[in-house]
Amino acid sequence: AGAAVAAGATAGATAGTTGVVTVVRTGASFNITWTIDNESVTGVGILMGELLAVGFYDDGKDAVAVYRHEADGSWTGQWVAAGDTALSPETWKPQR
C-alpha cells in the first residue's frame, strides 16, 4: 500500500502516459486511484499471492487489470477495457 509512479500506454497509442497511483488497503480489498493529467480514476482490487486484480471504470467503459508484484518492489501488469481488442501494459514503481 502507498503511492507509486504509474507508467504505461493504451494499446495502439503512439505515446505513453505517466501519473501517480495510490493503493490503500481496506480490509480484504484495496482502493486504487490513478491520477494522470489531473484526472482521477478509481478502482477496487483483491490480492491473491503476488497478483493484484483490479476492476475499474474509465472513459465510460468497464475495465480490468492484473498486476504482479516484482522482486524490486514494482508492480507490472496489463489492463483492458470493454470493447478493446488488445491489452495495455502498465508498471507501478514505488515513490522513494
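How many residues lie between β5 and β6 in their hairpin, and which residue in the turn has a positive phi? Here are some notes on this predicted model, starting with that turn.

1. The β5-β6 hairpin has two residues between its strands, and Asp 59 in the turn is the one with a positive phi, about 55°. Strand β5 covers residues 51-58 and strand β6 residues 61-69; the two run antiparallel and are joined by eight bridges. If you would like a pair to look at, Tyr 57 sits opposite Asp 62 in β6.

2. On to the next hairpin. Strand β6 also pairs with β7 (residues 75-81), again in the antiparallel sense, and seven bridges link them. Val 64 faces Val 80 of β7 across this pairing. Five residues separate the two strands here, and Gly 73 has a positive phi near 95°.

3. Ser 74 deserves a visit while you are in that loop between β6 and β7. Is Ser 74 buried or exposed? Its relative accessible area is 5%, so Ser 74 counts as buried, the limit being under 20%. The side chain of Ser 74 makes a polar contact of 2.6 Å with the side chain of Asp 72. Setting aside neighbours within four places in sequence, Ser 74 is also in contact with Arg 68, His 69, Trp 92, Lys 93 and Pro 94.

4. Now for the core. The largest nonpolar core holds 18 residues, and those touching the most other members are Val 21, Ile 32, Trp 34, Val 54, Phe 56, Tyr 67 and Trp 92. At least two residues of this core come from each of β1 (2-8), β2 (17-26), β3 (29-36), β5, β6 and β7. As general background, nonpolar side chains tend to be buried together in soluble globular proteins.

5. Trp 92 makes a good centre for a close-up view. Not counting residues up to four places away in sequence, Trp 92 touches a list of residues that includes Ala 4, Val 5, Ala 6, Val 21, Val 23 and Ile 32. Trp 34, Leu 52, Tyr 67 and Trp 75 are also among its contacts, as is Ser 74, the buried residue from point 3.

6. How many salt bridges does a search of the whole structure find? There are two. In one, the side chains of Lys 61 and Asp 84 meet at 3.7 Å, N to O. Lys 61 belongs to strand β6 and Asp 84 to the loop between β7 and β8 (88-94), so this pair ties together parts that are 23 residues apart in sequence. Both partners are partly exposed: Lys 61 has a relative accessible area of 33%, and Asp 84 one of 29%.

7. The other salt bridge joins Arg 68 and Glu 70, with their closest N and O atoms 3.5 Å apart. Arg 68 is partly exposed at 47% relative accessibility, and Glu 70 is partly exposed too, at 25%. Arg 68 appeared earlier as a contact of Ser 74.

8. Finally, please take a look at the backbone between β3 and β4 (39-48), where the loop contains Asp 37 and Asn 38. Asp 37 is not a glycine, yet its phi is positive, about 50°. Asn 38, also a residue other than glycine, has a positive phi near 65°. Both are exposed: the relative accessible area is 66% for Asp 37 and 81% for Asn 38.

Terms used:
Residues are numbered from 1 along each chain as its sequence is written. This is a predicted model: local features need pLDDT of at least 70, side-chain atom pairs count only at pLDDT 80 or more; totals for chains, interfaces and linings use all residues. Side-chain values use heavy atoms; hydrogens and water are left out. Two strands pair if DSSP finds at least two bridges between them. Helices (H or I, at least four residues) and strands (E, at least two) are DSSP runs, numbered from the N terminus. Buried means under 20% relative accessible area, exposed over 50%, partly exposed in between (1.4 Å probe, protein chains only). A polar contact is a pair of N or O atoms within 3.5 Å; within protein, one must be able to donate a hydrogen and the other to accept it, and residues adjacent in sequence count only if both atoms are side-chain atoms. Contact means heavy atoms within 4.5 Å. A nonpolar core is a set of buried Ala, Val, Leu, Ile, Met, Phe, Trp, Tyr and Cys residues joined through side-chain atoms within 4.5 Å. A salt bridge is a side-chain nitrogen of Lys or Arg within 4 Å of a carboxyl oxygen of Asp or Glu.
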